[in-house]
Amino acid sequence: MAWLTAILCATLLFLLLLLWLQPSTKGLPPGPKGLPLVGNLFDLLRYNPIEYFTLLSKEYGPIFSIQFGLRRVVVITSRHWMQQAFVRHADTFTNRPHGTVMHFIGGGKGVVMTEGQAWRDSRRLLTLVLKEFGVGSSKIEDYIGLELPEFIETLKKEVGKPIEIHPDLATSVLNIVWHMFAGERFKTGDPFLKWMVTSIERTANLINQGSFLNFVPLVQFIGTFLRPRAFQVLFSLVYRMMYFNGVIRQHRKQLDDPTKNMDLVFAFLREQKKIEEAHQAPGIFTDSQLRWLLSDLFVAGLDTSVSAMRWALLFIVKHPRVADKLRDEILQVVGHDRKPCLSDRETMPYMEAFISETLRYSVVVPIITHAPSHDANLGPYIIPAGTMVITNLHGALHDPNVWENPSEFRPERFLTPEGKFFKDENLVPFSIGRRSCVGESLARAEIFLFLTTILHTFELKPGVDPLPPLSYVDGLFLHPQPYKIILELQQPRHRPREPEKA
Ligand code: HEM
C-alpha cells in the first residue's frame with residue numbers, strides 16, 4: 001500500500017511540476033495550447049515551420065502565440081503587425097532571442113546577433129562605411145562594375161552548354177563584398193574564393209532555421225552539431241577567422257599609408273586607433289568584434305543576393321514571355337552600344353517590377369527573429385521582455401488577403417495600368433524598422449546590374465527538361481531547386497517588338 005501512495009504522490013508532484021513549468025499565456029496573442037512540456041513541437045514533425053506558421057495564421061490571424069517546449073513564442077505574419085512592433089515600438093523590438101543556435105554561433109558579437117550599444121555602434125559604423133562606398137548612390141557601380149566584365153567573359157566560355165550558373169555568380173558576388181570590406185580582389189575561379197563561397201554557404205545551411213529542430217530549446221544544439229558536416233563547418237569557421245586575423249594584421253601595418261583605399265577594415269582600425277590614443281574604453285572596437293563583423297557580413301551578404309539572382313534566372317527560363325519583355329525593355333533603354341547602368345533603373349519599370357516579384361515570390365530570408373528588450377504592449381497584447389518573436393516573412397509575402405493569387409509569378413502586379421512601376425508597401429523582403437537589412441541598397445544594385453547585364457549579353461534557355469518546380473529548398477535562406485541553363489549570345493539584330501495590344 002505504501003508503494004501505491006508513493007507512486008500517486010510522485011505522479012501528483014510531476015503533474016504539479018508540469019503545470020508550474022507551463023509558460024504563461026496571459027496577455028499573449030491567442031494560439032494553440034499544445035501538450036504539457038513539449039507544446040506544439042510535434043506539429044513541426046508534420047509540417048515545415050513556414051507551412052505550419054502559415055496554417056496557424058489562417059486559424060488564429062496574423063499574430064498568434066505558440067508553445068515550443070517550455071517557451072511561449074509569438075509569431076507575426078503580416079506587414080501590419082511588423083509595423084506595430086518594428087516601427088511603432090522601434091526602440092523595444094531591437095533585441096534578438098537568446099538561447100538559439102544563431103546566438104551561440106554568432107558569439108553575441110558582430111552585428112546580426114548583437115544587442116544594445118554594441119549593436120547600435122556596429123550598425124552605425126557599417127552604415128557609414130557602406131555610404132562611403134557609394135551604396136545608395138551610383139558610386140556603388142564602380143565596385144560591381146569591376147566584377148561584371150570578368151563574370152560575363154567566364155560565362156561566354158560556356159555558351160551553348162547546359163551550366164549551373166550558381167558557382168560563377170557566387171564567386172563574383174563574394175568578390176564585390178570582399179573588395180569593399182577587406183580591400184582585396186581575387187581572380188574569378190581563384191581556389192580561395194571558391195573555398196570561401198562553399199564555407200559560407202555551408203555555415204548558412206548549418207544554422208538552418210527551416211529545420212524544425214531549430215525551434216526546440218537545447219535539442220536544437222544537438223540537431224545542429226550532430227549534423228554530418230557540422231565539424232567541417234566549424235573547422236572552416238575557425239579557418240575563416242584566422243584568415244580575417246591575417247587581413248587585420250596586414251591592414252594594421254598599412255594604416256597610415258595614404259595610398260591605400262578605404263575599406264571596412266581600415267575604417268574600423270582607424271576608429272580603434274583614435275580610441276586607443278584617447279585612452280578610452282574600446283567598446284566594439286576590438287579585433288574579435290571586427291572578425292565577427294566580417295564573418296556576419298559575408299554570411300548575410302553572399303547567399304542572399306546570389307539566391308535571389310538564381311530565382312530570377314529560373315523565372316526567366318520558366319516564363320519566356322517575361323524574358324521577352326525584359327529583353328525588349330533592355331534593348332529599348334540600353335541598346336547595343338553601351339552596357340546597362342544603375343541609372344537605367346528609372347526607365348526600366350518592367351525590370352523593377354520583375355525584381356520586386358522575384359523578391360516577393362522567393363522570400364530569400366523566410367523567417368526572422370526578434371525579442372523585445374522590455375515588456376511591450378502590442379495592440380491589446382503584452383509581450384514580455386525576451387520573448388522570441390518570429391516573423392514569417394514568407395507568410396506575409398504570400399498572404400492571399402494581400403496578394404492576388406500569391407503563388408502565381410506575375411511582375412505586372414507591381415505595374416500601374418499605364419505600365420509605371422509602383423512600390424507596394426506590403427513588399428518587405430528586407431524587413432522593416434531599425435533592424436531591417438543593412439545591405440538592401442547593395443543587394444538591389446547587384447541584382448539589377450547582374451540581371452540586366454546577363455540579359456543584355458545572353459539569351460537564356462532551359463538546360464534541363466523539365467525544369468524543376470518553383471518550390472524552395474529549405475534553409476536559413478531559401479534557394480530554388482538546382483537547375484541548369486543554356487546561354488546563347490544575344491543577336492544584335494534583335495529588335496523590340498511592338499507593345500502588346502490591351
Ligand atoms: C536579396 C538579398 C537580401 C535579402 C532578401 C536580405 C534580407 C534580410 C532580412 C530579412 C534581414 C533581417 C532583418 C530583421 O531582423 O528585421 C536582414 C538582415 C541583415 N542583412 Fe540582409 N538581405 C539581403 C542582402 C544583404 C546583403 C548584400 C548584405 C551585406 C552587406 C546584408 C547584410 C545584412 C545584415 C548585416 C543584417 C543584420 C542587420 C541587423 O541585425 O541590424 N544583407 N537581411
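**Entry 1: a three-stranded sheet**

I began in this predicted model with strand 3 and strand 11 (residues 485-489), which run antiparallel and are joined by two bridges. Looking up the register, I found I163 opposite I485 in strand 11. I then traced the sheet to which these strands belong: an open one of three strands, in the order 3-11-8, with antiparallel pairing. Strand 3 (162-163) and strand 8 (458-462) stand at its edges, and because each has a single partner strand, one side of each is left without a neighbour in the sheet. I noted for myself that strands of a sheet pair through backbone hydrogen bonds, either parallel or antiparallel.

**Entry 2: helix 3**

I next checked the length of helix 3 (residues 49-60): at 1.5 Å a residue its 12 residues should span 16 Å, and I read 16 Å between its end C-alpha atoms, which agrees. Which residues of helix 3 are buried? I listed P49, I50, Y52, F53, L56 and S57. They cover an arc of only 160° around the axis, so I place them on the same side of helix 3. On the other side of helix 3 I found K58 and E59, which are exposed. The general background I keep in mind is that an α-helix has 3.6 residues a turn, so residues three or four places apart point the same way.

I also looked up what covers the buried residues of helix 3, and the cover includes helix 2 (43-46), strand 1, strand 2 (71-76), strand 4 (367-370), strand 7 (389-392) and helix 16 (393-397). After helix 3 comes G61, for which I noted a positive phi, near 95°.

**Entry 3: S65 in strand 1**

Since strand 1 is among the elements covering helix 3, I turned to S65, which lies in strand 1 (residues 63-68). Is S65 buried or exposed? I count S65 as buried, because 23 other C-beta atoms lie within 10 Å, where 20 or more is the cut-off. Leaving out residues up to four places away in sequence, I found that S65 touches T25, L28, P29, G31, R72, V73 and V74. I also read the separation between the C-alpha atoms of S65 and I76, which is 8.8 Å for residues 11 apart along the chain.

**Entry 4: confidence**

Finally I looked up the confidence: the protein chain averages a pLDDT of 87, and 90% of the residues score at least 70. Among its elements, helix 15 (residues 349-362) has the highest mean pLDDT, 98, whereas helix 10 (residues 219-225) has the lowest, 65. Where pLDDT is low, the predicted coordinates should not be read in detail.

How values were computed:
Residues are numbered from 1 along each chain as its sequence is written. This is a predicted model: local features need pLDDT of at least 70, side-chain atom pairs count only at pLDDT 80 or more; totals for chains, interfaces and linings use all residues. Helices (H or I, at least four residues) and strands (E, at least two) are DSSP runs, numbered from the N terminus. A residue is buried if 20 or more other C-beta atoms lie within 10 Å of its own, exposed if 12 or fewer, and partly exposed in between; C-beta atoms are placed from the backbone. Two residues are in contact if their C-beta atoms, placed from the backbone, lie within 7 Å. pLDDT is the predictor's confidence in each residue, from 0 to 100. Two strands pair if DSSP finds at least two bridges between them. The expected span of a helix is 1.5 Å times one less than its number of residues. The arc is that of the directions from the helix axis to the C-beta atoms.
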